[in-house]
Amino acid sequence: MTIYYCPVDGTRSATTALTWCCPVCRGPWDLDFTPARGGGMNALSPRIDSLWRYKDFLPLDSSTISLGEGRTPLVPLTDTVSAKLDYLMPTLSFKDRGAVMLAELARRLGPDRVVADSTGNAGTSVAAYCARAGLPCTVYVPEGTSPKKTEQIQAHGARLVAVPGGREATALAARAAA
Ligand SMILES: [Zn+2]
């Protein structure tokens, strides 16, 4: 199983310990993993046309909860600028790339509930993937978050908590809940 790693002080923890942050500095975990050596770009061609074609380079190498995220079109606009059309992701944002990893790891760990804080897009994405994984989810958002975002989060079955104040107050409320 993947190991949590603190990029600040090097603390490590098994993901099964369900520690949500580093106990030394209280900072967020990274996942410690060494990418598998793939067969180069040629090995990618026959693979599935989604994020999971890059499984050799991801912290988790498979997911049963994919919604087809990744591999959005890259459209050249000028000789030096291209547009990556991530609005074609399952929940309309690039946040799905991280949310599928988060929800897949959570599915494997089996927590009572997933708690997230967000100003909109990340909360929508986490709510969608937790629904896909069958995990109860609560998303904390700042009061005044766009109704379009809060409706999206709730449409995915997540419990929504609107927190008075700004982003920091929302993060603190989510941490307290965790
Ligand atoms: Zn730390």
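**Figure 1. Ser118 reaches for the backbone of Gly120.** Here a polar atom of the Ser118 side chain sits 2.7 Å from the backbone nitrogen of Gly120. Keep in mind, for this view and the others, that you are looking at a predicted model. Where along the chain are we? Ser118 belongs to the loop that runs between strand 6 and helix 3. Is Ser118 buried or exposed? Its relative accessible area is 1%, so Ser118 counts as buried, since the limit for that label is under 20%. If you skip the neighbours within four places in sequence, Ser118 still has contacts with Gly123, Val139, Tyr140, Val141, Pro142, Arg167 and Thr170.

**Figure 2. Thr119 shares the loop between strand 6 and helix 3.** Step along to Thr119 and you are in the loop between strand 6 and helix 3, where Ser118 is also placed. Which residues does Thr119 touch, not counting those up to four places away in sequence? They are Pro142, Thr145 and Arg167. Pro142 and Arg167 turn up among the contacts of Ser118 as well. For a sense of scale, look at Thr119 and Tyr140: they are 21 residues apart in sequence, and their C-alpha atoms are 8.3 Å apart in space.

**Figure 3. Cys130 is tucked away in helix 3.** Helix 3 covers residues 121-133, and Cys130 has its place there. With a relative accessible area of 1%, Cys130 is buried. What does Cys130 touch once residues up to four places away in sequence are set aside? The list is Ala103, Val114, Leu135 and Cys137. You'll meet Val114 again in the pocket view, as one of the residues nearest the pocket's centre. Gly110 gives you another distance to try: from Cys130 to Gly110 is 20 residues in sequence and 11 Å from C-alpha to C-alpha.

**Figure 4. The largest pocket is lined by 36 residues.** This view shows the largest pocket, with a volume of about 1,300 Å³. Which residues lie nearest its centre? Look for Tyr4, Trp20, Leu102, Val114 and Val115. Several helices and strands pitch in: strand 3 (30-32), helix 2 (96-109), strand 6 (114-117), helix 3 (121-133) and helix 5 (167-177) each give at least two residues to the lining. Helix 2 provides the largest share, at seven residues. Sort the lining by class and you get 24 nonpolar, five polar and seven charged residues. Both domains take part, with at least three lining residues from each of domain 1 and domain 2.

**Figure 5. Two domains meet along the chain.** Zoom in on the place where the two parts touch. The domain assignment splits the chain into domain 1 (1-33) and domain 2 (34-177). Nine residues from domain 1 and 10 residues from domain 2 make up the contact. How far apart are the centres of domain 1 and domain 2? Taken over C-alpha atoms, the separation is 20 Å.

**Figure 6. Ser13 pairs up with Thr19.** The side chains of Ser13 and Thr19 are joined by a polar contact of 3.4 Å. Ser13 is part of strand 2, which spans residues 12-14. Why does Ser13 count as buried? Its relative accessibility is 14%, and buried means under 20%. Not counting residues up to four places away in sequence, Ser13 touches Ile3, Tyr4, Thr19 and Trp29. Tyr4 should look familiar, as it is one of the residues nearest the centre of the largest pocket.

**Figure 7. Ser66 sits in a loop and reaches Gly68.** Find Ser66 in the loop between helix 1 (41-44) and strand 4 (74-76). Its side chain gets to the backbone nitrogen of Gly68, at 3.0 Å. Leaving aside neighbours within four places in sequence, Ser66 is in contact with Trp52, Val100 and Arg132. Leu51 is 15 residues from Ser66 along the chain, and 9.0 Å separate their C-alpha atoms.

**Figure 8. Leu18 and Leu92 have positive phi angles.** Leu18 is not a glycine, yet its phi is positive, near 60 degrees. You'll find Leu18 in the loop between strand 2 and strand 3. Leu92, also not a glycine, has a positive phi of about 80 degrees. This residue lies in the loop between strand 5 (82-84) and helix 2. Is Leu92 buried or exposed? Leu92 is exposed because its relative accessible area is 54%, and the cut-off for exposed is over 50%.

How values were computed:
Residues numbered from 1 in each chain as written. Predicted model: local features only at pLDDT ≥ 70, side-chain atom pairs only at ≥ 80, totals over all residues. Heavy atoms only, no water. Helix = DSSP H or I, 4+ residues; strand = E, 2+ residues; numbered from the N terminus. Buried < 20%, exposed > 50% of the residue type's maximum accessible area, 1.4 Å probe, protein only. Polar contact = N/O pair within 3.5 Å; in protein donor to acceptor, adjacent residues only side chain to side chain. Contact = heavy atoms within 4.5 Å. 1 Å grid on protein atoms, 1.4 Å probe; cavity = no way out; pocket = protein on both sides within 12 Å on 5 of 7 lines; lining within 4 Å. Points joined across faces, edges and corners; volume = space filled by probe spheres on them. Nonpolar A, V, L, I, M, F, W, Y, C, P; charged D, E, K, R; others polar. Domains from an automatic or database assignment.
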